Amino acid sequence: MNNSEHRFSIHLIAALDCEAKPLISNYQLKRCIDDSAFAVFRNDTMTLTVSGVGKLAAANAVGYTQGRYGFGQSGAWLNIGIAGHPDLDIGECRIAHKVLDSETNTSWYPALLPGHINTSELVCVSQAETEYLDDSMYDMESAGFISSATRFQTQELVHSLKIISDNHNNPVYRFDKKTVTSLITDRIDTIDCIINELDNRSQYIRNNSLELVETFNQTWHFSRHQYTQLNQLLNNWSCMSPNTLPEPENLKHLTHSKQVIAWLKEQVAQVPVRFD
């Protein structure tokens, strides 16, 4: 199958083989033998890329996955892995409502998912956290993951799901791959709920904007890179205010695709969020 023509509904990013192993088994993912930069596994609906440790590795893995498997309308993105926390129980599962890069003090605020799971702030650090100074989760990939993934998809469809592996009473003294695999395995049902929710949201957004995307493309003929930008901008607009999406016939004063992209960026920055 040609990767550039197949649309995947969700892309998973895991830092470690031991985190990926339960996901590969549960979703019956097969190794993509023609991928050399990263280990990538897939089925008909999802990809899983093993990034390696650190925010740069995670950012590169997202970019590689998008380039290889994210043609056109990118799927949802989910970073799955372990994290530390001052006092949450080992094995507790949280989704990040805020991601903070401790080195740059940059923050991202993923849209909340309804009802499935508790949330927490997630701080991305450059070394394994041992002091747990704040009431937050700590990992080493989330900032790179979200900064890269939100270049290709609306923030409503980019999330980090973390399972607590260490805390004040159980600090990181040595790394146990079997324990990590067990922690992920025990939370497969929760992970599956989140994936299904993201898939449903992705389909809703895609269906809401797909016809409009194609109308724009037929009118102005976007390059592949511009087409990805077009998708993201119209998806963002659809998430915030689906009843006010622009009509191409009202934009005839825009003569080429660059003007359209620039106009959409300006308008999306000003679109008020609506819930009716």
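1. Is Gln28 buried or exposed? With a relative accessibility of 62%, Gln28 counts as exposed, because the cut-off for that label is over 50%. Bear in mind as you read on that this is a predicted model. You'll find Gln28 in the loop that runs between helix H1 (17-26) and strand S2 (30-31). Its backbone deserves a look too: Gln28 is not a glycine, yet it has a positive phi of about 50 degrees. As background, most residues other than glycine have a negative phi.

2. Asn105 is another one to click on. Here phi is near 65 degrees, again a positive value in a residue other than glycine. Asn105 sits in the loop between strand S6 (93-101) and strand S7 (107-108), and at 62% relative accessibility Asn105 counts as exposed. That loop belongs to a hairpin: S6 and S7 form it with 5 residues between them, and Asn105 is in the turn.

3. Now follow S6 itself. Of its 9 residues, 8 are buried, so the strand is largely enclosed by the rest of the structure. What does S6 pair with? With strand S8 (residues 119-124), S6 pairs in the parallel sense over 6 bridges, and Lys98 stands opposite Glu121 there. With S10, the pairing is antiparallel over 3 bridges, with Ile95 opposite Leu161. With S7, its hairpin partner, S6 pairs in the antiparallel sense over 2 bridges, and Val99 faces Trp108 across that pairing.

4. Next, the largest pocket, which holds about 630 Å³ of space. Its lining is made up of 27 residues, and Ile82, Ser165, Asp166, Val172 and Phe175 are the ones nearest its centre. The elements giving two or more residues to that lining are strand S5 (76-84), strand S9 (137-139), strand S10 (158-166) and helix H4 (177-186). So what is the lining of the largest pocket like by residue class, and how many are nonpolar, polar and charged? The split is 16 nonpolar, 4 polar and 7 charged. S10 is worth remembering from the previous point, where it came up as an antiparallel partner of S6.

5. How many disulfides are there? The count comes to 0. Take Cys18 as an example: Cys18 is in no disulfide, and the nearest cysteine sulfur, that of Cys93, is 16 Å away. A pair would need its sulfur atoms within 2.5 Å to count. Cys18 is buried, with a relative accessible area of 8%. Cys32 counts as buried as well, at 7% relative accessibility.

6. Finally, the aromatic rings. The structure holds 4 aromatic pairs. One of them is Tyr132 with Tyr138, an edge-to-face pair at 6.4 Å centre to centre, with 70 degrees between the planes. Tyr132 counts as buried at 3% relative accessibility, and Tyr138 counts as buried at 7%. Another is Phe216 with Trp220, which is tilted: 5.4 Å centre to centre and 35 degrees between the planes. Both of these residues lie in helix H5 (residues 188-220), 4 residues apart, or about one turn of the helix. Phe216 is buried, and so is Trp220.

How values were computed: Residues numbered from 1 in each chain as written. Predicted model: local features only at pLDDT ≥ 70, side-chain atom pairs only at ≥ 80, totals over all residues. Heavy atoms only, no water. 1 Å grid on protein atoms, 1.4 Å probe; cavity = no way out; pocket = protein on both sides within 12 Å on 5 of 7 lines; lining within 4 Å. Points joined across faces, edges and corners; volume = space filled by probe spheres on them. Nonpolar A, V, L, I, M, F, W, Y, C, P; charged D, E, K, R; others polar. Buried < 20%, exposed > 50% of the residue type's maximum accessible area, 1.4 Å probe, protein only. Pairing = 2+ DSSP bridges. Phe/Tyr/Trp six-rings, centres within 6.5 Å; stacked < 30°, edge-to-face > 60°.
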